[in-house]
Amino acid sequence: MGQTISISTRHGRISAWEAKPHDKPRGAIIVVQEIFGLNPHIRQVTDRFANYGYLAVAPALFDLVDRGVELGYDEAGVARGRALTEALGFGGALDGVRGAYDVLESENRVGVVGFCWGGSVAYLANARIGLPAVSYYGGRTVPLLKERPKAPLMLHFGENDPLIPPDDVAKHREALGDAAEIHVWPGAGHGFNCDQRPDYNEAVAKQALDRTLAFFQKNLR
């Protein structure tokens, strides 16, 4: 279903994975990668949103630092991914999100969904660009909570996520109040949506997807 496209950003062109629905789109969704690049899992997630009727684009955010990055879910992948996120920074990541938004916004209402590091990028896309956003286990969001949401916001966390302890989830609730819909999923760990991770939880992933689709159906109408 998907194909590779090229999009323009303020700091150069990057590639992206674009997946189109069979019928007129219900809206458009920018899919923001984990620290592992635009890998097969993120392409699969992008295709899935197209199957549900959305025009979906996943920008290859690391292209601004190193092109064609696709990392595995192992220690080497984690180390390389963390180094790339530090080199890119949140500013560079948002540059790629804005590039995707520029491609999509003329004919669609646009939202954003992000996973892991991308979940924190999605939060910033809400606070700085004003996009309706869904964040899955955004582990770097606590320092960003001083930036207020400017659009509808949904956050997913795993109850047993060692990278996002209950105190951090509580900080989200305290800072955001009614500005965000927060779901903490029982029995779920970090990366519960990714079937290539040890913490993949099929039942929770489906429930979270149902909530996410309802969110976009309401806010991209």
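**Note on the sheet, its helices and the two pockets**

1. In this predicted model, strand 3 (residues 28-32) and strand 4 (residues 55-59) run parallel and are joined by 3 bridges. Ile 30 has Val 57 of strand 4 as its bridge partner.

2. Strands 3 and 4 belong to an open sheet of 8 strands with mixed pairing, in the order 1-2-4-3-5-6-7-8. Strand 1 (2-9) and strand 8 (181-185) are the edge strands, each pairing on one side only. From one strand to the next, the twist averages 20°.

3. Two helices lie across parts of this sheet. Helix 2 lies across strands 1, 2, 3, 4 and 5 (110-115), at about 110° to strand 1. Helix 3 (residues 117-129) lies across strand 3, strand 5, strand 6 (133-136) and strand 7 (153-158), and runs at about 150° to strand 5.

4. The largest pocket holds about 400 Å³ of space. Of its 16 lining residues, Arg 82, Cys 116, Leu 163, His 190 and Arg 197 lie nearest the centre. Helix 2 (residues 75-104) gives the most to this lining, with 3 residues. By class, the lining has 8 nonpolar, 2 polar and 6 charged residues.

5. The second largest pocket has a volume of about 150 Å³. It is lined by 15 residues, and Ser 15, Leu 38, Ala 60, Gly 68 and Glu 70 are those nearest its centre. Strand 2 (residues 12-19) supplies the largest share of the lining, 3 residues. The lining divides into 7 nonpolar, 5 polar and 3 charged residues.

Terms used
Residues numbered from 1 in each chain as written. Predicted model: local features only at pLDDT ≥ 70, side-chain atom pairs only at ≥ 80, totals over all residues. Heavy atoms only, no water. 1 Å grid on protein atoms, 1.4 Å probe; cavity = no way out; pocket = protein on both sides within 12 Å on 5 of 7 lines; lining within 4 Å. Points joined across faces, edges and corners; volume = space filled by probe spheres on them. Helix = DSSP H or I, 4+ residues; strand = E, 2+ residues; numbered from the N terminus. Nonpolar A, V, L, I, M, F, W, Y, C, P; charged D, E, K, R; others polar. Pairing = 2+ DSSP bridges. Axes fitted to C-alpha atoms, helices over the stretch in contact; angles between N-to-C directions. Contact = heavy atoms within 4.5 Å.
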